[in-house]
Amino acid sequence: MGRRERKKAATRQALADAALRLFLDRGYDQVSVRDIAEAADVSTTTVFKHFPSKEALVFDQDTDQEAALIAAVRDRPEGVSVPDALRDHMLRLHADGDDDPGLARFIELTESTPALREYGRRMWMRHEAALAAVIAEDAGAPEDDPACAALARFALETVGFARGRSDSRRAVEAAFDLLAHGWSAAARRMP
């Protein structure tokens with residue numbers, strides 16, 4: 001990475017950090033783009049050069065998330081099915097916040113702010129095409145295979161499905177049991 005790219009990346013990170021700090025301290029709706037620009041010592045124009053919207057400032061790790069989803073499929077251990085690899089990945093996402101108070105505050109912010117909750121969901125679901133493509137590649141299926149696309153969509157939807165449930169881990173497990181084994185297997189596990 002050249003000097004110019006490093007400077008752009010540093011500015012982008014400073015903006016995201018300043019925005020998150022202000023959102024956590026004051027609440028999302030009480031912070032303006034101008035407040036963020038001032039905190040990062042840049043112009044509002046600079047903010048919008050790096051982020052298309054105020055919501056985007058909160059979700060600055062989008063490409064990392066997509067890369068991790070693809071790696072969950074491509075780099076899974078021998079003998080582990082794609083649904084099981086995705087289940088493990090989604091469970092890790094849930095577990096990562098268990099011991100991290102900062103992540104817990106971030107989740108609370110995004111869940112308690114309707115604009116962020118909806119934006120976050122849209123951003124997360126943008127990974128559907130990339131995930132479907134890697135699943136299809138792995139299966140030797142055409143890129144537009146409907147079963148691969150369905151698995152990608154339903155796997156991504158487990159995050160929203162589990163959110164807010166008293167036992168989110170159990171919700172993820174149940175959803176992936178259904179994805180991996182169908183209704184008959186899921187029904188056998190019911191009390």
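Hello everyone, let's start at phenylalanine 48. Apart from neighbours within four places in sequence, phenylalanine 48 is in contact with Val33 and Ser53. Its place is in helix α3. Is phenylalanine 48 buried or exposed, or does it fall in between? With a relative accessible area of 44%, phenylalanine 48 is partly exposed, because the class in between runs from 20% to 50%. To get a feeling for distances, take arginine 170 as a second landmark: from C-alpha to C-alpha, phenylalanine 48 and arginine 170 are 40 Å apart in space, and in sequence they are 122 residues apart.

Before we go on, please keep in mind that this is a predicted model. The chain has a mean pLDDT of 88, and 93% of its residues reach 70 or more. Which elements have the lowest and the highest mean pLDDT? Helix α10, residues 168-188, has the lowest, at 81, while helix α2, residues 33-40, has the highest, at 96. As a general caution, where pLDDT is low, the predicted coordinates should not be read in detail.

Back to helix α3, which covers residues 44-50. Threonine 46 is also placed there. The side chain of threonine 46 makes a polar contact of 3.0 Å with the side chain of serine 43. Leaving aside neighbours within four places in sequence, threonine 46 is in contact with Thr11 and Leu15.

Now for the aromatic rings. How many aromatic pairs does a search of the whole structure find? It finds three. In one of them, phenylalanine 59 and phenylalanine 106 have ring centres 6.1 Å apart and planes at 75°, so this pair is edge-to-face. Phenylalanine 59 sits in the loop between α3 and α4, and phenylalanine 106 sits in helix α6, so the pair ties together parts that are 47 residues apart in sequence. Phenylalanine 59 counts as buried, at 19% relative accessibility, and phenylalanine 106 is buried with a relative accessible area of 19%.

Phenylalanine 59 also forms an aromatic pair with tyrosine 119; this one is tilted, with 5.7 Å centre to centre and 35° between the planes. Because tyrosine 119 lies in helix α7 and phenylalanine 59 in the loop between α3 and α4, the pair ties together parts that are 60 residues apart in sequence. Tyrosine 119 counts as buried too, at 11% relative accessibility. Ring pairs thus link Phe59, Phe106 and Tyr119 into a cluster.

Rings here have charged company as well. The charged end of lysine 54 sits over the ring of tyrosine 28, at 4.2 Å from its centre. Arginine 165 lies over the face of phenylalanine 161, 4.1 Å from the ring centre.

One last stop: helix α8, residues 128-139. From its first C-alpha to its last, this helix of twelve residues reaches 16 Å, close to the 16 Å expected at 1.5 Å a residue. Which residues in α8 are buried? They are Glu128, Ala130, Leu131, Ala132, Val134, Ile135 and Ala136. Just after α8 comes glycine 140, which takes a positive phi of about 70°.

That brings me to the end. If you look at one thing in the viewer, try the cluster of Phe59, Phe106 and Tyr119, linked by ring pairs. Thank you for listening!

Note on methods
Residues numbered from 1 in each chain as written. Predicted model: local features only at pLDDT ≥ 70, side-chain atom pairs only at ≥ 80, totals over all residues. Heavy atoms only, no water. Helix = DSSP H or I, 4+ residues; strand = E, 2+ residues; numbered from the N terminus. Polar contact = N/O pair within 3.5 Å; in protein donor to acceptor, adjacent residues only side chain to side chain. Contact = heavy atoms within 4.5 Å. Expected span 1.5 Å × (residues − 1). Buried < 20%, exposed > 50% of the residue type's maximum accessible area, 1.4 Å probe, protein only. pLDDT = per-residue confidence, 0-100. Phe/Tyr/Trp six-rings, centres within 6.5 Å; stacked < 30°, edge-to-face > 60°. Lys NZ or Arg CZ within 6 Å of the ring centre and 35° of its normal.
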